[in-house]
Amino acid sequence: MLARIQSQQLQSLQTEQQGRHVWMMELPVKHDQGVDLFDLRIQRDHQNREHAEQEKSWSMTLAFDLEGLGPIRVKVNLVGEAISANFWTELPATRRLFHEHIEHLRSHLN
């Protein structure tokens, strides 16, 4: 676990040296059966110099693999005051679950 933390810190350092702000970390989430790891990445998106005065853009990516659902990735974008979220799943059954419950998910995100 310590080696993974150090690796993530080194990756963050490389991107900051390139002039990009990126934070990467693993979030352990404990439940009855054990611990799930959620990979979290927050970054300020590259801006065109011509539009430097326009609204700033950030993104957050969350990746996880839960038993029964399989790998899922979520990308949340923030541009000014507008937020959007995209979900990707690998398993067709999980995709169907997202489609069936998308309105419930949307209302909770709002």
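Colleague: Quick one to start: which residue in S3 does Arg41 stand opposite?

Modeller: That's Thr61. Keep in mind that we're looking at a predicted model.

Colleague: Okay. And how do S2 and S3 pair, parallel or antiparallel?

Modeller: Antiparallel, over six bridges, with S2 covering residues 34–44. In general, strands of a sheet pair through backbone hydrogen bonds, and that can be parallel or antiparallel.

Colleague: What's the strand order in the whole sheet?

Modeller: It goes S1-S2-S3-S4-S5, an open sheet of five strands with antiparallel pairing.

Colleague: Which ones are the edge strands?

Modeller: S1 and S5, the latter being residues 82–89. Each of them pairs on one side only.

Colleague: And how much are neighbouring strands turned against each other?

Modeller: By 15 degrees on average, ignoring direction.

Colleague: Switching topic: where does helix H2 lie?

Modeller: H2, residues 92–100, lies across S4 (70–79) and S5. Its direction is at about 145 degrees to S5.

Colleague: Now the inside. Which residues make up the largest nonpolar core?

Modeller: There are seven: Phe38, Leu40, Leu62, Phe64, Leu66, Ile72 and Val74. It fits a broader habit: in soluble globular proteins, nonpolar side chains tend to be buried together.

Colleague: Which element gives the most to that core?

Modeller: S3, with three residues. The elements giving two or more are S2, S3 and S4.

Colleague: Pick Leu62, then. What does it touch?

Modeller: Leaving out residues up to four places away in sequence, Leu62 touches Phe38, Asp39, Leu40, Ile72, Arg73 and Val74.

Colleague: Arg73 caught my eye. Which ring does Arg73 lie over?

Modeller: The ring of Trp88: Arg73 lies over its face, 4.2 Å from the ring centre.

Colleague: Speaking of rings, how many aromatic pairs are there?

Modeller: The count comes to three. One pair is Trp23 with Trp58, whose ring centres are 5.8 Å apart.

Colleague: Why is that pair stacked?

Modeller: Planes under 30 degrees apart count as stacked, and these two are at 20 degrees, so the pair qualifies.

Colleague: Which parts does the pair tie together?

Modeller: Trp23 is in S1 (residues 22–31) and Trp58 is in S3 (residues 57–66), so the pair links parts 35 residues apart in sequence.

Colleague: Last thing: how exposed is Trp23, and what about Trp58?

Modeller: Trp23 is partly exposed, with a relative accessible area of 36%. Trp58 is partly exposed too, at 26%.

How values were computed:
Residues are numbered from 1 along each chain as its sequence is written. This is a predicted model: local features need pLDDT of at least 70, side-chain atom pairs count only at pLDDT 80 or more; totals for chains, interfaces and linings use all residues. Side-chain values use heavy atoms; hydrogens and water are left out. Rings of Phe, Tyr and Trp (its six-membered ring) pair if their centres lie within 6.5 Å; planes under 30 degrees apart count as stacked, over 60 as edge-to-face and the rest as tilted. Helices (H or I, at least four residues) and strands (E, at least two) are DSSP runs, numbered from the N terminus. Buried means under 20% relative accessible area, exposed over 50%, partly exposed in between (1.4 Å probe, protein chains only). A charge sits over a ring if NZ of Lys or CZ of Arg is within 6 Å of the ring centre and within 35 degrees of the ring normal. Two strands pair if DSSP finds at least two bridges between them. Axes are lines fitted to C-alpha atoms, for helices over the stretch in contact, and angles run from 0 to 180 degrees between N-to-C directions. Contact means heavy atoms within 4.5 Å. A nonpolar core is a set of buried Ala, Val, Leu, Ile, Met, Phe, Trp, Tyr and Cys residues joined through side-chain atoms within 4.5 Å.
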